[in-house]
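User: Please take a close look at one part of this predicted model, namely the acidic partner in a buried salt bridge, and set it in its wider surroundings. A connected account would be preferred.

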Amino acid sequence: MATPILQVRDLRTQFAMPDGIIKAVDGVSFDLYPGESLGIVGESGSGKSVTALSLLRLVPHPGRIVSGEVLFRNQDLLQMTDQEIREIRGRDIAMIFQDPQSSLNPVLRTGFQVDEAMRAHGKSKADAHARTIELLTKVRIPAAESRVKDYPHQLSGGMRQRAMIAMGLANAPAILLADEPTTALDVTVQAQILELLADLNRELGTAIVMITHNMGVVAGLCSRVMVMYAGQIVEEGPVEQIFESPQHPYTWSLLKSIPRVDALRHERLRSIQGMAPDLADPPAGCRFHPRCPFRIEECFTKEPKLLDVAPNQRAACWVTMDRARREMGADTLIDIHPGAGSGVRPGEEI
Ligand code: ADP
Ligand code: MG
């Protein structure tokens, strides 16, 4: 089995606000393998962006990473000096956002900005320029030689998004963190960008972490998916398997809320019933229990752990565990990261 390129362990990021401490990321652990495309999905406010920002130590004030490890090629990014993490950013791990405005400077020519992304990491001016044209062509910006001279506002929304992807790929990073990069685009352009990311993932072997609130995007691009709810991972597994057989009621509700063509014509887009929890004071027990149609007694008071529920698939749900325990026996429930905070061992009382 391949060695993970990124290992995140028990990551916790909090915002100290006047009316309480918001636990935006609350004990997140996962592995990312070289060249894979991993989706992180969840409703707005579930901690997806803060997770990605934490990986690169870009959490805005008053946010703070309070604990955890982010091992990139076995080096903890959270322990590096500012200088060391700056060298990793953009060179080894790049990030693209929903809004190109946040990455592209409106007063600088687009090509110059892509050049700069490479010059910051030591490329010569001539080399950088040649590669910029190559990159813009690769992200399918037509007539790249003349487009490099355009200012961002002269490009369409889709083109700006492509230019930002080109900038993200400039130094051939091992990992691209893509935070809702297609959310603001119309459906056709969105499909083109997703196809582009899939091609780049295949051709260049860049591992992609695709953050989205849209299960359709996950289905189109990712091979594995992690579902986040209230700052935690509640389910994780291969995309086909999760779509076929979700084991957490929240995943099930997300899948049910994917709009279908026929449904769109007849009813408004369905959303999941109930409100997302207050991250300063999350519900006791399972955080999803107030909205869960299947809840049982344990769900109200005891926090479920993320445990194996099928080959390669894990979920944190008492209902699923209860059923699995009855069907397979307690020995099959295995802690994914022993010692990483979730502490349950096979056969142990949980
Ligand atoms: P998502 O990307 O899943 O929509 P985020 O990761 O952006 O969610 O946010 C998770 C939670 O963290 C939010 O619900 C919010 O309470 C908190 N949060 C995020 N950014 C800030 C900030 N700049 N200041 C205060 N709280 C924040
Ligand atoms: Mg977000």
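Analyst: Glu36 counts as buried in this predicted model, because its relative accessibility is 12%, below the 20% cut-off for burial. The side chain of Glu36 meets that of Arg224 in a salt bridge, with an N to O distance of 2.8 Å. Arg224 is placed in strand β9 (residues 224-229), whereas Glu36 sits in the loop between β2 (20-32) and β3 (37-41); the two residues are 188 apart, and the pair thus links distant parts of the chain. Arg224 also counts as buried, because its relative accessibility is 14%. Both partners of this salt bridge are therefore buried, Glu36 at 12% and Arg224 at 14%.

The pair does not stand alone. Glu36 and Arg224 belong to a network of salt bridges that also takes in Glu236, Asp308 and Arg314. In the whole structure there are 16 salt bridges.

The strands named here can be placed in their sheets. Strands β3 and β9 are neighbours in an open sheet of eight strands, whose order is β6-β7-β8-β3-β9-β10-β12-β11 and whose pairing is mixed. At the edges of this sheet are β6 (93-96) and β11 (307-310), each of which pairs on one side only. From one strand to the next, the twist averages 25 degrees. At one end of the order, β11 pairs with strand β12 (residues 313-315) in the antiparallel sense over three bridges. Within that pairing, Leu307 has Ala315 of β12 as its bridge partner. In general, the strands of a sheet pair through backbone hydrogen bonds, which may run parallel or antiparallel.

Strand β2, on the other side of the loop that holds Glu36, belongs to another open sheet, of four strands in the order β2-β1-β4-β5 with antiparallel pairing. Its edge strands are β2 and β5 (75-76), and each pairs on one side only. Strands β4 and β5 pair in the antiparallel sense over two bridges, and Phe72 has Gln75 of β5 as its bridge partner.

Two further salt bridges may be set beside the one formed by Glu36. Asp82 and Arg57 meet through their side chains at 3.0 Å, N to O. Asp82 lies in helix α2 (residues 82-88) and Arg57 in the loop between α1 (48-55) and β4 (63-72), so this salt bridge ties together parts that are 25 residues apart in sequence. Asp199 forms a salt bridge with Arg140, and the closest N and O atoms are 2.5 Å apart. Because Asp199 is in helix α7 (residues 187-204) and Arg140 in the loop between α4 (125-138) and α5 (144-147), the pair joins parts that are 59 residues apart in sequence. Asp199 counts as buried because its relative accessibility is 16%, whereas Arg140, with a relative accessible area of 38%, is partly exposed.

Finally, there is the matter of enclosed space. A search of the whole structure finds two cavities of 30 Å³ or more. The second largest cavity holds about 50 Å³ of space. Its lining consists of Pro249, Cys286, Phe288, His289, Cys292, Arg295, Cys299, Cys317, Trp318 and Val319. By class, eight of these lining residues are nonpolar, one is polar and one is charged.

Key:
Residues are numbered from 1 along each chain as its sequence is written. Chains are lettered from A and ligands numbered from 1 in the order in which they are written. This is a predicted model: local features need pLDDT of at least 70, side-chain atom pairs count only at pLDDT 80 or more; totals for chains, interfaces and linings use all residues. Side-chain values use heavy atoms; hydrogens and water are left out. On a 1 Å grid over the protein atoms alone, a cavity is a set of points where a 1.4 Å probe fits but cannot get out, and a pocket is an open set with protein on both sides within 12 Å along at least five of seven lines; lining residues have an atom within 4 Å of a point. Grid points are joined across faces, edges and corners, and a volume is the space filled by probe spheres set on the points. Ala, Val, Leu, Ile, Met, Phe, Trp, Tyr, Cys and Pro count as nonpolar, Asp, Glu, Lys and Arg as charged, and the others, Gly among them, as polar. A salt bridge is a side-chain nitrogen of Lys or Arg within 4 Å of a carboxyl oxygen of Asp or Glu. Buried means under 20% relative accessible area, exposed over 50%, partly exposed in between (1.4 Å probe, protein chains only). Two strands pair if DSSP finds at least two bridges between them. Axes are lines fitted to C-alpha atoms, for helices over the stretch in contact, and angles run from 0 to 180 degrees between N-to-C directions.
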